[in-house]
Amino acid sequence: MAKGDSVDAIEEVVRAGMYPYWDADLQRATPSAFTAAEVSVSRLAILDFAQIVSIFKSDFNGRVHPDGESMKVRSTGRATVANIIQQAEEPMNDKNKSLPNVVLTVVEDKIENESGATDNPAHALICGWSRENPTQSRKISRGVANRLLDVFRWEPLPD
Amino acid sequence: MHLTLSMSDRLQYHVPGLFYGTVGSSMIAIAHLLAIPMANAAEAQRSTSRGVIIVECATATSNTQQSSTIKVGLLQEDVSTLISDAAKAAIGTTGLKRLENFFRLQAGWDGKGSKPIELKSVEVFSSFFAETGLRPNQLGVFMSAQGNVVVNWLDQEGQLVELEFLPSGVEYFIAKSGEEGTTMGDIGFSKLLNRLAEPVEA
């Protein structure tokens, strides 16, 4: 499988629940975890969960100022590729039956020998594309991102 | 890591209250409609009049390791000086601590395109609360991969309302109606408050 190839719909991917996206005191997350045009996930078909978490920790915790002890990766969420893509194929809401203006794909994006990043052969991207022009990259709308937040089943990581 | 920036390393400037009198008295009425506790008008006005003092290095807006380091350097000087009293009151001490922690994140914290905190976003966040006096219960403070400050809260029906403070506007999302969009400039704050106050038809 080459970079940019679609990941199989039945595969499950993992997303790191990083400190800026998760308020532990309020037990609340933000859809902003999914609003970029490209969102990092890792494929459980390539590496097991413990290996993926180890990469998350190495990548995120390593970018925190040494005083930022409280900011480590605290949770992860998992979802199937089919379920992720489906979130942009549901009508906006009960009143507005039109589809969101974004289409989602999940593609392979292996990280290898990249400066400042831990190698991650399981790395993949959730990509947003314009529904009108599917070759044009587009930020994932917050409504769709809010659905993705629900779809990923978030679980705390043990210390 | 300990950084000390000399005065010659930094550009210091004042950002005045940008939105004097643009939203003023309508805030109280809207707050009643929203059932959102609101800072008293005098406090909000003081915060607005005082303005927000931003201390920023000339290179701090670039997305580089260096800019991250410089922003971390701001921690030595107390990040809370960047934020209006009204914004501090809205997010509380826990929220302020989270915001301070965001300054510790370096570029790449969530993959290749992710950025350190955007100081102009902090400025808009600060001005928004100073101008509107909005004070939702249990306001959560977050940061987007673009480095923007994000806040959210639950409405009376437990549905999410979220605002992302862009360098030149506010992106909003109201889960109850599914509505989302972006407001720009000074008029945007009052428009956004009106939008938040609009009843949603069943």
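How are helix 4 of chain B and helix 5 of chain B oriented to each other: roughly parallel or roughly perpendicular? Let me start there, and then walk you around the rest. Keep in mind that this is a predicted model.

So, the two helices. Helix 4 covers residues 85–102 of chain B, helix 5 covers residues 119–132 of chain B, and they pack at an angle of about 90°. Angles of 65 to 115 degrees count as roughly perpendicular, so that is the answer: helix 4 of chain B and helix 5 of chain B are roughly perpendicular to each other. Their axes are 7 Å apart. If you want to find the place where they touch, look for Ala86(B), Ala87(B) and Ala90(B) in helix 4 of chain B. From helix 5 of chain B, they are met by Phe125(B), Ser126(B), Phe129(B) and Ala130(B). Sort that contact between the two helices by class and you get six nonpolar residues, one polar and no charged ones.

Okay, stepping back to chain B as a whole. We have six helices and seven strands here. Going along the sequence, the pattern reads β-α-α-β-α-α-α-β-β-β-β-β-α. Of the 202 residues in chain B, 48% are buried. And if you take contacts in chain B between residues at least 6 apart in sequence, 66% of them join residues at least 24 apart.

Now, how far can we trust chain B? Its average pLDDT is 70, with 58% of the residues scoring at least 70. Confidence in chain B bottoms out in strand 1, residues 11–15, with a mean of 32, and peaks in strand 4, residues 149–154, at 97. The pLDDT stays below 50 over residues 1–64 of chain B, although this stretch does have 110 contacts in the model beyond near neighbours in sequence. Where pLDDT is low, the predicted coordinates should not be read in detail. For the model overall, the scores are ipTM 0.90 and pTM 0.78.

Next up, the sheet. Chain B has an open sheet of five strands, in the order 3-4-5-6-7, with antiparallel pairing. Which strands stand at the edges? Those are strand 3 (140–143) and strand 7 (179–184) of chain B; each has a single partner strand, so one side of each has no neighbour in the sheet. From one strand to the next, the twist averages 20°.

Let's zoom in on two of those pairings. Strand 4 of chain B runs antiparallel to strand 5 (residues 160–166) of chain B, and six bridges join them. One spot to click on is Leu154(B), which stands opposite Leu160(B) in strand 5 of chain B. Then there is strand 6 of chain B with strand 7 of chain B, also antiparallel, over six bridges. These two form a hairpin with four residues between them, and in the turn Gly178(B) has a positive phi of about 75°. Here, Ile174(B) stands opposite Glu179(B) in strand 7 of chain B.

While we're on positive phi, Gln138(B) has one near 50°, and it is a residue other than glycine. You'll find Gln138(B) in the loop between helix 5 and strand 3 of chain B. Gln138(B) counts as partly exposed, because it has 13 C-beta neighbours inside 10 Å.

Now let's bring in the other chain. Chain A puts 31 residues into the contact and chain B puts in 29. On the chain A side, the elements giving two or more residues are strand 4 (38–43) and helix 3 (142–151) of chain A. The largest share, three residues, comes from helix 3 of chain A. By class, that side of chain A has twelve nonpolar, twelve polar and seven charged residues.

And where does helix 3 of chain A lie? Back at our sheet: helix 3 of chain A lies across strand 5, strand 6 (169–174) and strand 7 of chain B, at about 55° to strand 6 of chain B.

Last stop, one residue in that helix. Leu149(A) lies in helix 3 of chain A, and with 22 C-beta neighbours inside 10 Å it counts as buried. Beyond its neighbours within four places in sequence, Leu149(A) is in contact with Ala29(A), Pro31(A), Ala33(A) and Phe34(A). That's the tour, thanks for listening.

Conventions
Residues numbered from 1 in each chain as written. Chains lettered and ligands numbered in written order. Predicted model: local features only at pLDDT ≥ 70, side-chain atom pairs only at ≥ 80, totals over all residues. pLDDT = per-residue confidence, 0-100. Contact = placed C-beta atoms within 7 Å. Nonpolar A, V, L, I, M, F, W, Y, C, P; charged D, E, K, R; others polar. Pairing = 2+ DSSP bridges. Axes fitted to C-alpha atoms, helices over the stretch in contact; angles between N-to-C directions. Parallel < 35°, antiparallel > 145°, perpendicular 65-115°, else oblique. Buried ≥ 20, exposed ≤ 12 C-beta atoms within 10 Å, placed from the backbone.
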